[in-house]
Structures are given as structure tokens and as C-alpha cells.
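Let's take a walk through this protein and see who is paired with whom. Keep the structure open while you read, and look up each residue as it comes along.

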Amino acid sequence: MLLSHSIQPIQQFRYTVGKNATDSAMIIDAMDLLYSQRLDGFCIVSSDSDFTRIAARIRESGLTVYGFGERKTPQPFVSACDKFIYTEFLLKKDEGKPAKDKPVAGVGKDKRLARLLRDAVEASSDDTGWAFLGLVGNYLVKQMPDFDARSYGFSKLRELVAASNLFDIEERPMAGGGSAKSVYVRERG
């Protein structure tokens, strides 16, 4: 598979028992790339907290860090990334259809989620209280890099917001005409 995707495998053998030489070699390579100043961002695919500091260091340099890992990934590594995606969302099952859980019951009763959604809408809203859903999504990811509507059983943020029953939803025509619509939300009064 590596050859068919033009990926060069690199093996770093450990020097002593219990040490992970491969992680160290990858971190050194990442620092070399960082100092080359030829990249806009990094993608780290790991569920290992050993990469927490390199992710934070890359972000300190003003570059974007995308993390991918399993649900077991320690929270400090998740938080060190700009955006973290759980690989379980990327796996396919049932004859090639995307993995999909049933929506979580009582989404609006999840106090943590409700507060997060309300804060995101408030921070993204204009003087009338309406917020463009795209900005709400950006705010959510900045506050919680692993935020994903799929964690709650919804394929889209709009579906999650609607299921919460906390917000009014409005579609507006996009600038430039056409049939495309922008989605706006506001907290119900």
C-alpha cells in the first residue's frame, strides 16, 4: 500500500528497551521542516501524547496543525491541535457507506453542549442576534479542536443545532444570486 501511494517508509530501530526512537526521529524531522519555513501547516496522525509539545511548538510558529487519531487520544494532544479529527469518523463500514451513529437523545439537555453552542452563537452574532452558521462552526473548533457534529450522531452542524431545539434557523440567499443558501441561527427567546 505504501508504494501505491508513493509513501516512503522509514524505520527507526529503538536503541534500548522501552524507548520509542521512531517518535523522536519524527519530531526531529518535523522541527527541520518547521525551520525550513516552506510550509503552511502540519498534519500529525497519531493517538500518542508524545506529539503534544511538537504540535504546540508548530502552532507557536503561526502554522496550522491538523491532528488525526483514535478516540483514545489524550486530551492534551487534541487541544494542542488547531483541528482534531477522530479516525473513527473516517472509517467506512456497511458496504462503503460512511459510519453513522444514531443521534444522541436529548441533545438540548446536554448542559455542556448547550453552553458551548450558546457561547458560539453569541460570539458570532451580529447586532440582531443572528449568527452565520459557518462562523459558529469556526468558533466551536477554536474552543474545542475535536468538536464534530458526528460525535453527537449528526452528519452536519446544522442538524445538531436543529436537534438542540435551542435556536431559530433561517436560510438566506447567498450574495451573487443563484440557488445557494447561507444558514443563520439565533438563540430562541
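## Charged pairs around β7

Glu-171 and Arg-158 join their side chains in a salt bridge, with N and O 2.8 Å apart. This is a predicted model, by the way, so every value here is computed from it. The two partners come from distant parts of the chain: Glu-171 belongs to strand β7 (residues 167-173), Arg-158 to helix α6 (residues 157-164), and 13 residues separate them. Are these two side chains tucked away? Glu-171 is partly exposed, at 44% relative accessible area, and Arg-158 is partly exposed too, at 31%.

Stay with β7 for another pair. Asp-168 makes a salt bridge with Arg-188, and the closest N and O atoms lie 3.1 Å apart. Asp-168 is in strand β7 while Arg-188 sits in the segment after β8 (181-187), so this salt bridge ties together parts that are 20 residues apart in sequence. Both ends are partly exposed: Arg-188 has a relative accessible area of 44%, and Asp-168 has 24%. There is a third player as well, since salt bridges link Asp-168, Arg-186 and Arg-188 into a network.

## A salt bridge further up the chain

How many salt bridges turn up in a search of the whole structure? The count is 10. The idea behind them is simple: side chains of opposite charge can pair when their charged atoms come close.

Another one of them joins Asp-82 and Arg-59, at 3.1 Å from N to O. Asp-82 is found in the loop between α3 (75-80) and β3, whereas Arg-59 is part of helix α2 (residues 52-60), and the two are 23 residues apart. Asp-82 counts as partly exposed with 24% relative accessible area, and Arg-59 as partly exposed with 34%.

## A three-stranded sheet

Now for some backbone. Three strands make an open sheet, lined up in the order β1-β2-β3, and their pairing is parallel. Why do β1 (41-45) and β3 (83-86) each have one side without a neighbour in the sheet? They stand at the edges, each with a single partner strand, so nothing in the sheet lies on the other side. From one strand to the next, the twist averages 15 degrees.

Zoom in on β2 (residues 64-69) and β3: they pair in the parallel sense over 4 bridges. If you want a spot to look for, find Gly-67, which stands opposite Phe-84 in β3. Remember Phe-84, as this residue comes back below.

## Rings and the charges over them

What do you need to describe two rings as a pair? A pair of aromatic rings is described by the distance of the centres and the angle of the planes. The whole structure holds 5 aromatic pairs. In one of them, Phe-77 and Phe-84 meet edge-to-face, with 5.8 Å between centres and 80 degrees between planes. Phe-77 and Phe-84 are both buried. They also belong to a bigger group, because ring pairs link Phe-77, Phe-84, Tyr-86 and Phe-89 into a cluster. Phe-147 and Tyr-152 give you another arrangement: their centres are 6.1 Å apart and their planes meet at 40 degrees, so this pair is tilted. Phe-147 and Tyr-152 are buried as well.

Some rings have a charged side chain over them. Arg-71 lies over the face of Tyr-86, 4.7 Å from the ring centre. Arg-172 does the same with Tyr-184, at 4.0 Å from the ring centre.

## Two cysteines that stay unpaired

How many disulfides does the structure hold? The answer is 0. Take Cys-43, which is in no disulfide: the nearest cysteine sulfur belongs to Cys-81 and is 8.9 Å away. A disulfide needs the two sulfur atoms within 2.5 Å, so that gap rules this pair out. Cys-81 is likewise in no disulfide, with the sulfur of Cys-43 as its nearest cysteine sulfur.

Which of the two is buried and which is partly exposed? Cys-43 is partly exposed, with a relative accessible area of 48%, while Cys-81 is buried, at 1% relative accessibility.

Methods
Residues are numbered from 1 along each chain as its sequence is written. This is a predicted model: local features need pLDDT of at least 70, side-chain atom pairs count only at pLDDT 80 or more; totals for chains, interfaces and linings use all residues. Side-chain values use heavy atoms; hydrogens and water are left out. Two strands pair if DSSP finds at least two bridges between them. Axes are lines fitted to C-alpha atoms, for helices over the stretch in contact, and angles run from 0 to 180 degrees between N-to-C directions. Buried means under 20% relative accessible area, exposed over 50%, partly exposed in between (1.4 Å probe, protein chains only). A salt bridge is a side-chain nitrogen of Lys or Arg within 4 Å of a carboxyl oxygen of Asp or Glu. Rings of Phe, Tyr and Trp (its six-membered ring) pair if their centres lie within 6.5 Å; planes under 30 degrees apart count as stacked, over 60 as edge-to-face and the rest as tilted. A charge sits over a ring if NZ of Lys or CZ of Arg is within 6 Å of the ring centre and within 35 degrees of the ring normal.
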